[in-house]
Amino acid sequence: MARKVVVEMVDDIDGTAFGDDGESIRYAVEGVEYVIDLKDEHAKELRETFEYFIAHSTRVGGPKHRSDRQVVNPATARRSSGETQKIRAWAIEQGYEISSRGRIPTEVEHAFHDAH
C-alpha cells in the first residue's frame, strides 16, 4: 500500500497556506516561549510591532549582532548541504511531499531528527 504524507505550512493568523513564502517565529513573554507560523506579510507586521516595544525595553541577553538575532531552530542552524540532502532523501522515502529546493518544513526536520 502506498502512502503519501503532505506537510503544508499554514499561517496561524488567517489559515492560508504559504509554502516557502513564510516562516516560523519563536519568541518569549514572561518566561513562556511561543512559536507562530506566519506568511511573509504577517511576519513583517509582527516584527514591526516588536520593534516598537523592543525600542522601549532593556536588553538582558542574547546575541549582540543584528544578523545573529534571526530566530532559527537550533537543531537546523548551519547544517551542511550534505545533511540537507540526507533530510530530503529521508523525507521522500517516508512519503513526505517535499520540493527539491528551498526551505524544508519544520515538521519534516523534526521528524527526521526524531527518527535518527
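Which residues form a nonpolar patch on the surface? In this predicted model, the patch is made of Val-29, Val-32 and Tyr-34, and together these residues have about 250 Å² of accessible area. Val-32 belongs to strand 2, and its relative accessibility of 40% puts it in the partly exposed class.

**The overall layout**

Let us step back to the whole chain. The protein has 3 helices and 2 strands, and reading from the N terminus the order of elements is β-β-α-α-α. Of its 116 residues, 27% count as buried. The accessible surface comes to about 8,900 Å², and carbon and sulfur atoms account for 50% of that area. If you look at contacts between residues at least 6 apart in sequence, 42% of them join residues at least 24 apart.

**The loop between the strands**

Strand 1 covers residues 22–29, and the loop between it and strand 2 holds Glu-30. The backbone here is worth a look in your viewer: phi of Glu-30 is near 50°, a positive value in a residue other than glycine. Glu-30 is also exposed, with a relative accessible area of 82%.

**Salt bridges**

A search of the whole structure finds 4 salt bridges. The table lists three pairs, including the distance between nitrogen and oxygen and the separation along the chain.

| Pair | N to O distance | Separation in sequence |
|---|---|---|
| Glu-97 and Lys-4 | 2.8 Å | 93 residues |
| Lys-39 and Asp-14 | 2.7 Å | 25 residues |
| Arg-47 and Glu-23 | 3.1 Å | 24 residues |

Begin with the salt bridge between Glu-97 and Lys-4. This pair links distant parts of the chain, with Glu-97 in the loop between helix 2 and helix 3 (106–115) and Lys-4 in the segment before strand 1. Glu-97 is partly exposed, at 45% relative accessibility, whereas Lys-4 is exposed at 60%.

Next come the side chains of Lys-39 and Asp-14, which meet in a salt bridge. Here strand 2 supplies Lys-39, while Asp-14 sits in the segment before strand 1. Lys-39 counts as buried because its relative accessibility is 18%, under the 20% limit for that class. Asp-14 is partly exposed, with a relative accessible area of 36%.

Arg-47 and Glu-23 form another salt bridge. Arg-47 lies in helix 1 (residues 40–55) and Glu-23 in strand 1, so that this pair too links distant parts of the chain. Both partners are partly exposed: Arg-47 has a relative accessibility of 33%, and Glu-23 has 22%.

**Two buried charged residues without a salt bridge**

What is the nearest side chain of opposite charge to Asp-37, and how far away is it? The answer is Arg-103, at 5.6 Å, and Asp-37 is buried yet has no salt bridge. A salt bridge needs a nitrogen and a carboxyl oxygen within 4 Å. Asp-37 is part of strand 2 (residues 32–39), and its side chain makes a polar contact of 2.4 Å with that of Ser-24. Leaving out residues up to four places away in sequence, Asp-37 touches Met-9, Val-10, Asp-11, Asp-12, Phe-18, Glu-23 and Ser-24. One of these, Glu-23, is the residue that forms the salt bridge with Arg-47.

Arg-88 is also buried and without a salt bridge, and its nearest side chain of opposite charge, Asp-20, is 7.4 Å away. Arg-88 is placed in helix 2 (residues 81–93). Not counting residues up to four places away in sequence, it touches Ile-98, Ser-99, Ser-100, Arg-101, Gly-102 and Ile-104.

**A buried alanine in helix 3**

Is Ala-111 buried or exposed? Ala-111 is found in helix 3, and it is buried, with a relative accessible area of 19%. Beyond its neighbours within four places in sequence, Ala-111 is in contact with Trp-90 and Tyr-96. The C-alpha atoms of Ala-111 and Gln-94 are separated by 9.9 Å, and these two residues are 17 apart along the chain.

Conventions
Residues numbered from 1 in each chain as written. Predicted model: local features only at pLDDT ≥ 70, side-chain atom pairs only at ≥ 80, totals over all residues. Heavy atoms only, no water. Helix = DSSP H or I, 4+ residues; strand = E, 2+ residues; numbered from the N terminus. Buried < 20%, exposed > 50% of the residue type's maximum accessible area, 1.4 Å probe, protein only. Lys, Arg positive; Asp, Glu negative; His and termini not counted. Polar contact = N/O pair within 3.5 Å; in protein donor to acceptor, adjacent residues only side chain to side chain. Contact = heavy atoms within 4.5 Å. Patch = residues over 30% accessible without salt bridge, like charges linked within 9 Å, V, L, I, M, F, W, Y side chains within 5 Å. Areas by Shrake-Rupley, 256 points an atom, 1.4 Å probe, with all protein chains shown as cover.
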